[in-house]
Amino acid sequence: PWYTFGMAESFLTISSIVNAEPYLAKTLERYPSHERAIAELAAIWRFNGRAAEGERLLARLAPRSVWVQYSERMLSAYFEDSGRHPEAVAAMERAFAAGETNSRARVLLADWYLGEGKYAAALPQYEAAVRAGWDAPSEWKKLGFSRQQTGDHAGAVDAYQRSLKQDPQQ
């Protein structure tokens, strides 16, 4: 019974959304409430210009469901991989608006903001990531830079010191 979904997952593993799409659709024909299949197919449809269909499919999930968050993260990845950066940022922002808590995704969004010079937007993302236990020297350094750029010099010094304590060679 899981063959179609397993095939879809295999194709998604090798980044072949074109081949995964029909298997996800077949999974939903057999199991209409399969949340992960709903999330993945909704992301694929929205990425491929079938936004209305994708939104209708996504609406079958609870608004703050982890699968809505997952779908937005997947959509963000598809957009970023295809060079559609502004759409990737918007999708990741929707993931967090839906309750996303993934620290890696939070750092990615913060890095995108930092790269765009949006230090005030990057700052709460880095702060949330380190509060959640993301304790890498590079993120402390970027947090320090974001704090410095937004005028929090004491906070910047603290973040830079934490970064240097973890990796004195940087």
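What volume does the largest pocket have? I shall answer that shortly, after a word on the protein as a whole. Please bear in mind that this is a predicted model.

Let me begin with the overall architecture. The protein contains 10 helices and 0 strands, and its pattern along the sequence reads α-α-α-α-α-α-α-α-α-α. Along the principal axes, the C-alpha atoms fill a box of roughly 55 × 30 × 30 Å. Of the 170 residues in the protein, 43% are buried. Among contacts with a separation of 6 or more, 43% join residues that lie 24 or more positions apart.

I return now to the opening question. The volume of the largest pocket is about 230 Å³. Its lining comprises 14 residues, and those nearest the centre are Leu12, Ser15, Ile17, Met74 and Tyr78. Three helices, α1 (3-13), α3 (35-47) and α5 (66-81), each supply at least two residues of this lining. The greatest contribution is that of α5, with 5 residues. By character, the lining divides into 7 nonpolar, 3 polar and 4 charged residues.

The second largest pocket has a volume of about 190 Å³. Which helix gives the most to the lining of this second largest pocket? Once more the answer is α5, here with 6 residues. Helices α5 and α7 (103-115) each provide at least two residues of the lining. The residues that line this pocket include Arg73, Met74, Ser76, Ala77, Glu80 and Asp81, together with Met92, Asn102, Arg104, Ala105, Leu108 and Trp112. They divide into 6 nonpolar, 2 polar and 4 charged. I would draw attention to Met74, which lies among the residues nearest the centre of the largest pocket and also lines the second largest one.

My final topic is a helix pair later in the sequence. Two packed helices are described by the angle between their axes and the distance between the axes. For helix α8 (residues 119-131) and helix α9 (residues 137-149), the angle is about 140° and the axes are 9 Å apart. The crossing of α8 past α9 is left-handed. On the α8 side, the contact is made by Tyr119, Ala122, Leu123, Tyr126, Glu127 and Val130. On the α9 side, Glu139, Trp140, Lys142, Leu143, Phe145, Ser146, Arg147 and Gln149 take part. Taken together, the residues of this contact comprise 8 nonpolar, 2 polar and 4 charged.

To summarise, I have presented a helical protein with 0 strands, two pockets to whose linings α5 gives the most, and a left-handed crossing of α8 past α9.

Methods: Residues are numbered from 1 along each chain as its sequence is written. This is a predicted model: local features need pLDDT of at least 70, side-chain atom pairs count only at pLDDT 80 or more; totals for chains, interfaces and linings use all residues. Side-chain values use heavy atoms; hydrogens and water are left out. Axes are lines fitted to C-alpha atoms, for helices over the stretch in contact, and angles run from 0 to 180 degrees between N-to-C directions. Helices (H or I, at least four residues) and strands (E, at least two) are DSSP runs, numbered from the N terminus. A crossing is left-handed if the near helix is turned anticlockwise from the far one by less than a right angle, and right-handed if clockwise. Contact means heavy atoms within 4.5 Å. Ala, Val, Leu, Ile, Met, Phe, Trp, Tyr, Cys and Pro count as nonpolar, Asp, Glu, Lys and Arg as charged, and the others, Gly among them, as polar. On a 1 Å grid over the protein atoms alone, a cavity is a set of points where a 1.4 Å probe fits but cannot get out, and a pocket is an open set with protein on both sides within 12 Å along at least five of seven lines; lining residues have an atom within 4 Å of a point. Grid points are joined across faces, edges and corners, and a volume is the space filled by probe spheres set on the points. Buried means under 20% relative accessible area, exposed over 50%, partly exposed in between (1.4 Å probe, protein chains only).
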